[in-house]
Amino acid sequence: VQLVESGGGLVQAGGSLRLSCAASGMIFDLTSMAWYRQVPGKQRELVASITNNDDTNYADSVKGRFTISRDNAKNTVYLQMNNLKHEDTAVYYCNGVREIHSWGKGTLITVSS
């Protein structure tokens, strides 16, 4: 399994970014996927998840601001992030939910206050 995240960068507080994660080596359309994030020195946390039936779930800290979606034809999962806050600064990763695969390199989001 290979997971390649992209779309990160530097953004001002209140701004928006859209992350993409291209997955390969799995039966993507049958796999629940999630976005995670990690700040140095802290545990990786689940930010948002989406099932193969497009049911979504979000961490309380991002509800109403982030939207997870998927395109099974492209084996890609997205994370639309709006109204970004300084505390959203982290490295963002995608991975499965029930089964965790080798982690990709992630994509860094830096939100300036």
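**Reading an all-strand chain**

Biologist: Before we look inside, how much surface does the chain expose, and what share comes from carbon and sulfur atoms?

Modeller: The chain exposes about 6,100 Å², with carbon and sulfur atoms supplying 46% of it. Do keep in mind that this is a predicted model.

Biologist: Thanks! Which secondary structure elements should I look for along the chain?

Modeller: From the N terminus on, the elements run β-β-β-β-β-β-β-β-β-β. That comes to 10 strands and zero helices. The radius of gyration is 13 Å, close to the 13 Å that the globule rule gives for 113 residues, so the chain is as compact as a globular protein of that length. Its C-alpha trace spans about 40 × 25 × 20 Å along the principal axes.

Biologist: What percentage of the residues is buried?

Modeller: Buried residues account for 42% of the 113 in the chain. Contacts add to that picture: of those between residues at least 6 apart in sequence, 53% join residues at least 24 apart.

Biologist: Now to the cysteines. How many disulfides are there?

Modeller: A disulfide is a covalent bond between the sulfur atoms of two cysteines. Here the count comes to one disulfide. Cys21 and Cys94 form it, with their sulfur atoms 1.7 Å apart. Cys21 lies in strand E3 and Cys94 in strand E9 (residues 90-96), so the pair ties together parts that are 73 residues apart in sequence.

Biologist: Are Cys21 and Cys94 buried or exposed?

Modeller: Both Cys21 and Cys94 are buried. Compare Gly25, in the loop between strand E3 (17-24) and strand E4 (33-38).

Biologist: Why does Gly25 count as exposed?

Modeller: Exposed means over 50% relative accessible area, and Gly25 counts as exposed because its relative accessibility is 69%. The C-alpha atoms of Gly25 and Gln2 are separated by 6.3 Å, though the two residues are 23 apart along the chain.

Biologist: Let's finish with backbone angles. What is phi of Asn75 near, and where does Asn75 lie?

Modeller: Most residues other than glycine have a negative phi. Phi of Asn75, however, is near 50°, a positive value. Asn75 lies in the loop between strand E7 (66-71) and strand E8 (76-81), and at 25% relative accessibility Asn75 counts as partly exposed.

Biologist: And what about phi of Asn83?

Modeller: Phi of Asn83 is near 50°, again a positive value in a residue other than glycine. Asn83 is found in the loop between E8 and E9, and is partly exposed, with a relative accessible area of 42%.

Notes: Residues numbered from 1 in each chain as written. Predicted model: local features only at pLDDT ≥ 70, side-chain atom pairs only at ≥ 80, totals over all residues. Heavy atoms only, no water. Helix = DSSP H or I, 4+ residues; strand = E, 2+ residues; numbered from the N terminus. Rg over C-alpha atoms; globule rule 2.2 N^0.38 Å. Buried < 20%, exposed > 50% of the residue type's maximum accessible area, 1.4 Å probe, protein only. Contact = heavy atoms within 4.5 Å. Areas by Shrake-Rupley, 256 points an atom, 1.4 Å probe, with all protein chains shown as cover. Disulfide = S-S within 2.5 Å.
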